[in-house]
Every structure is written in C-alpha cells, then in structure tokens.
Amino acid sequence: MGKNPREFGEITDSWNPITGCLHGCVYCWARNYAKRLASMGVEPYKTWVFEPALAEWRLRGKIPEGRLIFVSDMGDMWGDWVPKEWIESVLKVVRSKPRSKFFFLTKNPKRYLEFENRFSDNVMLGVTLETNRDYELTMAPTPRERYEDFLRLSWKHKAVVIEPILDFDEEFIDWIYDISPKVVYIGYDNYGNKLPEPKIAKTQILLEALNGTTDLRIKTIRKAWYEN
Ligand code: SF4
C-alpha cells in the first residue's frame, strides 16, 4: 500500500458473516432492518433476528476482488459477546483475500487490541465516535473509552466514523487529531431520530478543522432537526 489516502477507495459492498448486536443504540437502523429481513424469512435473521450469530456459510461464499467491503454492517462483530473463534474465522478469510480490502467498524475498539497481530495489510479498522460526550443513547463503551482504546491501537489504516453526528465539545477535534485517521466519515442521522445534533454552523467548524488533515468523506450534512 502506498501513501495515497484514497488507497482504500469507496465502500461498495457489505459482507455479514457475523450479525447482531447488543449495544442497543437508540438510533440503530440495522436492528429494524434485521427485523424486516427476519419477517421475510432471510437467514440468519429469521432464526436470530438481531441476536449475535455466525453465518458460517458466508465464510465460504464468494468475496468480490478489488473492492472495499464493509464487514458486518448488520451488527458489531467486535462486541464483548462475540466469541474469539468467530472473529478469527473472519480474519482467516480476510487474510486469504489480499486482492480485496475490508472495512471493520465498532463501538468497542478495545476488542481490536486482542487481534493486533492478526490483521493483514488489506484491513481498515474503524471506530464510531459520534461525539465526545456521553449522551447515554447506547450501552456501548462511552465515546471517551472508545477514543482511548482506539488511540492505544497501533494500526496504519484507521478510520473514524462521526455518524450520526451528535453535539460535541472542542476537545472532540483534538481527539480526531490525536487518532490521526486516514479516513473520516461524517454525517447527520438519516432516520428522523431527533438526536441531540450540533447546529450546522458548528459542524462546519469541525469540517474546516479536519479538512486537509485526513481523507474526509462527507455524507448527509444538513441543519440540525431543531433548526428548521
Ligand atoms: S453499534 Fe451499530 S449495530 Fe449495534 S446497536 Fe448500535 S447502531 Fe446498531
């Protein structure tokens, strides 16, 4: 891999060998989608809905080459509840596919630390940090815990996902600088959850502060719901 910040490209595919999540975020879209898939008879949701599950057959399925694949966007495969063997079985597939690139995302980055020597060069490790504040909208580790654990992780391809963005303090910008991620995704909630969002002017200050320091991927940027 070179120094090109866009070397990982855009996420075009998802692959869900491990599904389900127990973090219980109030704004979770995946939980509702899993319920819909369950009602349509799609496995593993039909059996497990949003309880943690390993879809073993997906480990043997075809993985597209030359793409950036979001692994387990239907859950958090790094939750404390996920057996080590499940994670290892996914990483084994990832290591065997050097022509594909894989994007992992979690709200529990301390779990990455257990596997620090098991990641191959085709892996981008992401953390969700919607804010620096603890709004108690999730049972996942607090943003501060996530930040501290992710900072401890030494990995060359790191990403921060600020989505759905929540109102924040100035130190949040320092957190991102400290982590020094290759990529930052940023966007407002898309599902009408009326979250404690920052005003658009404040988000623009954050965007300006990050501009040029990382590969900034801008998603939905709009006024906070209460500004309309
Ligand atoms: S961490 Fe992600 S998958 Fe889990 S409950 Fe929260 S939003 Fe849903």
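Leaving aside its neighbours within four places in sequence, which residues is L125 in contact with? The legends below describe a predicted model, and the view of L125 comes first.

**View A. L125 and its contacts in strand β6.** L125 is found in strand β6. Beyond the residues within four places of it in sequence, L125 is in contact with F104, Y112, L153, W155, H157 and K158. There are 23 other C-beta atoms within 10 Å of L125, and the cut-off for a buried residue is 20 or more, so L125 is buried. Y188 is 63 residues from L125 along the chain, and the C-alpha atoms of the two residues are separated by 21 Å.

**View B. The buried side of helix α6.** Helix α6 covers residues 143-152, and its buried residues are P143, R146, Y147 and F150. These four lie on the same side of α6 because they cover an arc of only 100° around the axis. What lies over the buried residues of α6? The cover includes β6 (123-128) and α7 (171-179).

**View C. Strand β8 and its two partners.** Strand β8 consists of residues 183-186. V183 and Y185 point one way from the strand, V184 and I186 point the other way, and all are buried. In a regular strand, side chains alternate between the two faces of the sheet. Strand β7 (residues 158-162) pairs with β8 in the parallel sense, over four bridges. V161 stands opposite Y185 of β8. From β7 the chain passes through α7 to β8, and this β-α-β crossover is right-handed. Strand β9 (residues 215-218) also pairs with β8 in the parallel sense, again over four bridges. Here the bridge partner of Y185 is R217 in β9. The chain crosses from β8 to β9 through helix α8 (residues 200-210), and this β-α-β crossover is right-handed.

**View D. The shell around the ligand.** The residues around the ligand include C21, H23, G24, C25 and C28. A30 and R31 also belong to this group, as do G75, D76, K107, T138 and A140. How many residues of the shell are nonpolar, polar and charged? Five are nonpolar, four are polar and three are charged.

**View E. Two cis peptide bonds.** One cis peptide bond joins E43 and P44, with omega about 5°. P44 is placed in the loop between α1 (29-39) and α2 (45-48). Another cis peptide bond joins E163 and P164, and its omega is about -5°. P164 is found in the loop between β7 and α7.

**View F. V49 and K194, residues with positive phi.** V49 has a phi near 45°, a positive value in a residue other than glycine. V49 lies in the loop between α2 and β3 (53-54). Is V49 buried, exposed or partly exposed? With 16 other C-beta atoms within 10 Å, V49 is partly exposed. K194 is not a glycine either, and its phi is positive, at about 50°. The place of K194 is in the loop between β8 and α8. K194 counts as exposed because it has 11 C-beta neighbours inside 10 Å, and the cut-off for an exposed residue is 12 or fewer.

Conventions. Residues numbered from 1 in each chain as written. Predicted model: local features only at pLDDT ≥ 70, side-chain atom pairs only at ≥ 80, totals over all residues. Near = placed C-beta within 6 Å. Nonpolar A, V, L, I, M, F, W, Y, C, P; charged D, E, K, R; others polar. Helix = DSSP H or I, 4+ residues; strand = E, 2+ residues; numbered from the N terminus. Arc of directions from axis to C-beta. Contact = placed C-beta atoms within 7 Å. Pairing = 2+ DSSP bridges. Right-handed = clockwise from strand over helix to strand, strands pointing away.
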